[in-house]
Amino acid sequence: MVGVADVLDEAIRTFWTLPGAGFIAAILVLLAGWYGSKFLIRFAGRPVARRFQRPSLTKTVLGGIRAIVMVFAASIAANQLGFKPGDILLSVTVFSAVLGLVLAPIIGSVINGLFLLADQPYEIGDMIELVDRNKRGYVEDITLRYTKIFTLENTFLVIPNSNMRDRDVINYSAEDTRSRLSLELLVTYEGDLDEARAIMERAARETQEVVEGGPDIRIGSARYPSAPVSYIKEFADHGVLLDLRYWVKDPYYVPRVESKIQEKIWTEIEEADVEIAYPHQHLVFDETSGIARVEVERGERRPRPEEFDSTD
């Protein structure tokens, strides 16, 4: 009596006698590796995410798992096509050497990407600013080769990681999203300074996005008052320079917050004893000023110095 195992064994032997059987087997192995890697990533996704707690690292680790599975499947498929392990290793070594020479910039970006993932200067979802470009945006994606930034102008910036490590980057979303801002206002010496400072502080407190008060905000070993405070910064040539310092809850709408505060200040100083200073000069002529030489038209008599009245 013929068993099921014997039938399967005979079918497998018959399959290997067919032309192109090795190629078909290699295709089946690659397909199995592809779907197996997807199943493995789905199964290991949550444990890996809990372990690393960073989207960029989680994505990189899961991508590495998929790559390992596919490389293993590709080696089995190559064996089905008649390649021996030694030939596969030699081919990979030669291919890697050629690839390293041709794609050195990309490999450099990959290495810098590993440093970025290790240093953690920013994370997916953080709002950062490229200082040299004066561009702000959200980190959309971090790979081993590049960082993708979604700017506030509704555009994308894709920057190689080798360039990102050489740039000055400001991270507005690191740990505490509260950011400290300042606003300068130059008022005249004749105005009421106390009233001007009160108007600036009140305008900031009444803005919804500004931290009104509460415990001092700690940055390292320093502590700063959370409520808006206006200081006298400088006695300038044309007026007194006041500096308003305040904290915003989120750094995402800084220009809008600054505009709201300035609108409120502008509205309140119209009815207050406060005037915005502007560059101006007073010219005073007295007995120490000397003689002014004046051009006169031809035919007119040029006045002599003794004819000037000292009171003019």
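Contact here means that heavy atoms lie within 4.5 Å, and it is in this sense that helix α8 (residues 254-269) lies across β6 and β10 while running at about 35° to β6. The model described is a predicted one, and the protein holds eight helices and 10 strands. Two open sheets, the helices that lie across one of them, and a buried glutamate, Glu 209, are taken up in turn below.

**The protein as a whole**

- Of the 312 residues of the protein, 27% count as buried, and the protein exposes about 21900 Å², of which carbon and sulfur atoms supply 58%.
- Among the contacts with a sequence separation of 6 or more, 61% are accounted for by residues that stand 24 or more positions apart.

**The five-stranded sheet**

- Five strands form an open sheet in the order β4-β3-β2-β1-β5, and the pairing within this sheet is antiparallel.
- The edges are taken by β4 (156-160) and β5 (169-171), each of which has a single partner strand, so one side of each is left without a neighbour in the sheet.
- Neighbouring strands of this five-stranded sheet are turned by 35° against each other on average, with direction ignored.
- Strand β1 (residues 127-130) and strand β2 (residues 135-142) run antiparallel and are joined by four bridges, and within this pair Met 127 has Tyr 138 of β2 as its bridge partner.
- The hairpin of β1 and β2 has four residues between the strands, and in this hairpin Asn 134 takes a positive phi near 55°.
- On to strand β3 (residues 146-151), β2 is joined by five bridges, again in an antiparallel arrangement, and β2 and β3 form a hairpin with three residues between them.
- Tyr 138 appears in both pairings, since this residue is the bridge partner of Met 127 and also stands opposite Phe 150 in β3.

**The three-stranded sheet**

- A further open sheet has three strands in the order β6-β10-β9, and these strands pair in the antiparallel sense.
- Its edge strands are β6 (179-187) and β9 (229-235), each of which pairs on one side only, and neighbouring strands of this sheet are turned by 25° against each other on average, direction ignored.
- Nine bridges link β6 with strand β10 (residues 240-248), which pair in the antiparallel sense, and Glu 184 stands opposite Asp 243 in β10.

**Helices across the three-stranded sheet**

- Helix α7 (residues 193-205) lies across β6, β9 and β10, and its direction is at about 20° to β10.
- Helix α8 also lies across β6 and β10, so that these two strands are among those contacted by α7 as well as by α8, given that contact is counted for heavy atoms within 4.5 Å.

**The surroundings of Glu 209**

- Glu 209 is found in the loop between α7 and β7 (217-219).
- The relative accessibility of Glu 209 is 16%, and because buried means under 20%, this residue counts as buried.
- Leaving aside residues up to four places away in sequence, Glu 209 touches Trp 247, Val 248, Lys 249, Arg 256, Val 257 and Lys 260.
- With one of these residues, Lys 260, the side chain of Glu 209 makes a polar contact through the lysine side chain, at 3.0 Å.
- Two of the elements described above are represented in this list of touched residues, with Trp 247 and Val 248 falling within β10 (residues 240-248) and Arg 256, Val 257 and Lys 260 falling within helix α8 (residues 254-269).

Methods: Residues are numbered from 1 along each chain as its sequence is written. This is a predicted model: local features need pLDDT of at least 70, side-chain atom pairs count only at pLDDT 80 or more; totals for chains, interfaces and linings use all residues. Side-chain values use heavy atoms; hydrogens and water are left out. Two strands pair if DSSP finds at least two bridges between them. Axes are lines fitted to C-alpha atoms, for helices over the stretch in contact, and angles run from 0 to 180 degrees between N-to-C directions. Buried means under 20% relative accessible area, exposed over 50%, partly exposed in between (1.4 Å probe, protein chains only). A polar contact is a pair of N or O atoms within 3.5 Å; within protein, one must be able to donate a hydrogen and the other to accept it, and residues adjacent in sequence count only if both atoms are side-chain atoms. Accessible areas come from the Shrake-Rupley method with a 1.4 Å probe; for residues, only the protein chains shown count as cover.
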